[in-house]
Amino acid sequence: MIPKRRDLLKSTLALTGLAAFGVPEWILPALAQGETLVPFTDIPDNVNFEPGPDRRLLDVRTINGPLTAPERFFTTQHYGHPTVDAAAFRLKVSGLVNRPLSLSLDEIKRLGSTELEAGFECSGNRRPLQGLSGNGRWTGVPLKAVLDRAGVKAETREFVFFGADKGEEEVEFRTQKFTVDQQFGRSLPKDIALSGEPLVVWAMNGQPLTKHQGAPLRLVVPGYYGVANVKWLSEIHAQEEEYLGKFQARWYRSLKGETINGELHWKEAAITRMQLKSFIARVSQAGTRTTVLGVVLNDGTPIRSVEVQVDGGAWQPATLDPSTRAKYGWKLFTFDWKGATPGEHTLVSRVTDTAGRVQPTAEDLANKKTFLEDNSQHPRKVRV
Ligand SMILES: Nc1nc2c(c(=O)[nH]1)N[C@H]1C(S)=C(S)[C@@H](COP(=O)(O)O)O[C@H]1N2
Ligand SMILES: [Mo]
């Protein structure tokens, strides 16, 4: 469904509070001045952006500022939304620590408070919708402060983060299958966990986390795919051995062919840092002007350039929105599309980072077997 102008206008009004976050006016759509959306013909009309009470996709055509409002932020998870009583809530820290902890929300907040802008996408996010993506300003305490309070023992090699959500899972072992209770769990190596960057957060965009976002507490690992950001965080376990739970070792992994010394090697790897990606989110017209707005997501490496190609022509430079400069926030870009003639067109964007990585084409990813981590250039079909 193409959002009706009235709905867009409503969301724009709802977002006027964003001025508090320093959103420049130029990025907000000038609907009052007769702006219209250019339809995307690669998005079907009947998409349900809220396919269930606990699932939501962002309609990227409604992006009109750097931060994604909580009621629009995409949401997905494996076992539904557990209810966590914030008053009775305790975060446990166990395993190879000198002082096992059981902290109330207030005790956690007293460990410190910091803010960080971070955007992320689900590793399964892909064309044509690209709706499993969003950007927030998170408030929380560095994970390191929590772990320092517990005193991490020298033998620790990684930390496992468990959510309050669980379900029954079949675990295969050779010719056997066992059905066991599994808590949602993800792990991080010691150096990343203690780097000072991951946060244990309780608020987004200045508001307490919603149930969708993992209230009362979640982990945010800047630069990583969504799966690292454990919601309804309930326990952190320090251990020496490698965690091989379903969502760490099996459900989220990539299988890619890599050519090393002229030979193809098949590599299975866990889903960790976001691969460099851009996509076109919205095209609008106001008077004689046609503006393309797009999104960049990556692991935090600075961006060198974003380019846009129209109907297979030359790559032309796009402009990065100066209000989206946060290292780990998503970046927005705009492109002034000159000479947009009525009819069908294909627009595609390509981002390059300062490490020299260039967003790959779908062809470049031909040897990626699993659908996760699809950061390929996305040719967007539009009708002017
Ligand atoms: N506890 C818990 N945390 C979880 C998940 C889950 O199933 N359980 N799903 C992960 C996945 S796959 C993604 S993409 C993000 C989605 O976060 P969001 O719903 O806030 O957008 O949460 C992650 N954290
Ligand atoms: Mo995900």
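Is Arg 174 buried or exposed? At 75% relative accessibility, Arg 174 counts as exposed, because exposed means over 50%. Keep in mind that we're looking at a predicted model here.

**Figure 1. The whole protein.** Five helices and 21 strands make up the secondary structure of the protein. Its radius of gyration is 22 Å, which agrees with the value near 21 Å that a compact globule of 384 residues would have. Along the principal axes, the C-alpha atoms fill a box of roughly 65 × 55 × 40 Å. Buried residues account for 52% of the 384. About 17800 Å² of surface is accessible, and carbon and sulfur atoms hold 50% of that.

**Figure 2. Close-up of Arg 174, in the loop between β6 (158–173) and β7 (176–189).** Arg 174 isn't a glycine, yet its phi is positive, at about 50 degrees.

**Figure 3. Close-up of Asp 311, in the loop between β16 (303–310) and β17 (316–317).** Here's another non-glycine with a positive phi, again about 50 degrees. Asp 311 is partly exposed, with a relative accessible area of 43%.

**Figure 4. Close-up of the cis peptide bond from Arg 127 to Pro 128.** Omega sits near -5 degrees for this bond. To find Pro 128, look in the loop between β4 (114–121) and β5 (133–142).

**Figure 5. Close-up of the cis peptide bond joining Ala 215 and Pro 216.** This time omega is about 5 degrees. Pro 216 belongs to the loop that runs between β9 (207–208) and β10 (218–220).

How values were computed:
Residues numbered from 1 in each chain as written. Chains lettered and ligands numbered in written order. Predicted model: local features only at pLDDT ≥ 70, side-chain atom pairs only at ≥ 80, totals over all residues. Heavy atoms only, no water. Helix = DSSP H or I, 4+ residues; strand = E, 2+ residues; numbered from the N terminus. Rg over C-alpha atoms; globule rule 2.2 N^0.38 Å. Buried < 20%, exposed > 50% of the residue type's maximum accessible area, 1.4 Å probe, protein only. Areas by Shrake-Rupley, 256 points an atom, 1.4 Å probe, with all protein chains shown as cover.
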